[in-house]
Amino acid sequence: LAFIRHFTSNDGRRWRDAGSTNIPGWSGNAVIHENKLRLYYTNKGVTEQRIEVAIDKGDGKGLRPRAASVLDPMAPHTKKAAQALGYHTGAGDGYVMAWRDPYVYEHGGKWHMLFAAKAEINGKVVPAVGHAESKDLRKWTLKAPQVPTRGVSDEPMLAGQIELPVSITRYGRQYLFMSHSEEVKGNWQRSTKAFMRKNDSDSWTPVGGKDGTIIAPSKGIYGFNILPDPKRPGEFLVHGFYNEGPRKMQPTRLQPLRWRGLRPVVEFQGTFQR
């Protein structure tokens, strides 16, 4: 059984372990709104994964999960709306039915939630970035899934599954990062991909051309995450998890996200230090 652990930091480099939250779930992010810390995370339903929220009201009682899910792909009204928008809500492609890894952020006067999902494009089930909007972080409106495609052909670029979608804005451009798993000739290849666009109405295009890979499978890193850098306004810190070798399942050290022009550059070193 997975539980979420809580760490705090003033500078994003040195972290203090605040202990377990005792919330049975995993993988998400937290935002502060109206002086309340809201943690959005993944939890398991009967046969699916869904998105829930825990709220810390600042009363000393810690994070308390809410009884109802935020987005549950198996809830009848949500499932109907999702299918009308182009989401695939079955497990026919061999993967577990999942809406997971929520990433909540503010953009354009609204709150947005991205999450790992699946879509159906031209009769084919493909990994997709789920999207929902909210004005107050209470009621969420499901939007169409976002699927990076190969230009005018509308052929999806992604196969297998994605995890941990993250979006940032830098110098007027939006970036979308995700962890991507794909089976190639019987072997799993796990990489990190990045896409970009100028505004909300544009399609996501791969950073640097080709397939948008910024961390190759050969690097042995899987699970990419990002947060604002307190020491560099407008810039970001990143980390991932070692997926192979003697440091397998250890998180890397949080380190600055570097840039080469418009292309993000990631070179992980070391492991997480408390």
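Strands, such as the one that holds the first residue of this tour, are DSSP runs of E with at least two residues, numbered from the N terminus. The model to be explored is predicted.

**Confidence colouring**

Begin by colouring the protein chain by pLDDT. The mean over the chain is 87, and 94% of the residues reach 70 or more. Two elements mark the extremes of this colouring. Select strand β6, residues 64–65, for the lowest mean pLDDT among the elements, 76; then select strand β11, residues 141–146, for the highest, 95. Where pLDDT is low, the predicted coordinates should not be read in detail.

**D101 and the second largest cavity**

Next, select D101, which is placed in strand β8, residues 100–107. Is D101 buried or exposed? Its relative accessibility is 4%, under the 20% cut-off, and therefore D101 counts as buried. Now display its contacts, leaving aside neighbours within four places in sequence: D101 touches S27 and T42, the run L114, F115 and A116, and also E163, L164 and P165.

Keep D101 selected and add the other residues that line the second largest cavity: S27, G28, P102, Y103, L164, P165, V166 and N225. S27, L164 and P165 are thus contacts of D101 as well as members of this lining. The cavity has a volume of about 50 Å³. Strands β3 (26–33), β8 and β12 are the elements that give two or more residues to its lining. By class, the lining consists of 5 nonpolar, 3 polar and 1 charged residues.

**The largest cavity**

The structure holds 2 cavities of 30 Å³ or more. To view the largest, with a volume of about 90 Å³, select V96, R100, A117, K118 and Q161, the closest to its centre of the 12 residues that line it. Which elements each supply at least two residues of this lining? They are β9 (110–121) and β12 (161–170), and β9 has the largest share, with 3 residues. The lining of the largest cavity divides by class into 7 nonpolar, 2 polar and 3 charged residues.

**The second largest pocket**

Move from the cavities to a pocket. The second largest pocket has a volume of about 290 Å³. Of its 14 lining residues, S69, V70, L71, H77 and T78 are the closest to the centre and form a suitable selection. Extend the view to α1 (76–85) and β11, the elements that give two or more residues to this lining. The largest share, 3 residues, comes from α1. Strand β11, already selected for the highest mean pLDDT among the elements, thus appears again here. Colouring the lining by class gives 7 nonpolar, 4 polar and 3 charged residues.

**L257**

The last stop is L257, in the loop between β19 (255–256) and β20 (258–260). How is L257 classed, buried or exposed? L257 counts as buried because its relative accessibility is 1%, under the 20% cut-off. Show its contacts, again without neighbours within four places in sequence. They include I168, F177 and I226; a further group is R232 together with E235, F236, L237 and V238; the remaining contacts are P264, V265 and V266.

Finally, draw a distance from L257 to V46, C-alpha to C-alpha. The two residues are 38 Å apart in space and 211 residues apart in sequence.

Technical notes. Residues numbered from 1 in each chain as written. Predicted model: local features only at pLDDT ≥ 70, side-chain atom pairs only at ≥ 80, totals over all residues. Heavy atoms only, no water. Helix = DSSP H or I, 4+ residues; strand = E, 2+ residues; numbered from the N terminus. Buried < 20%, exposed > 50% of the residue type's maximum accessible area, 1.4 Å probe, protein only. Contact = heavy atoms within 4.5 Å. pLDDT = per-residue confidence, 0-100. 1 Å grid on protein atoms, 1.4 Å probe; cavity = no way out; pocket = protein on both sides within 12 Å on 5 of 7 lines; lining within 4 Å. Points joined across faces, edges and corners; volume = space filled by probe spheres on them. Nonpolar A, V, L, I, M, F, W, Y, C, P; charged D, E, K, R; others polar.
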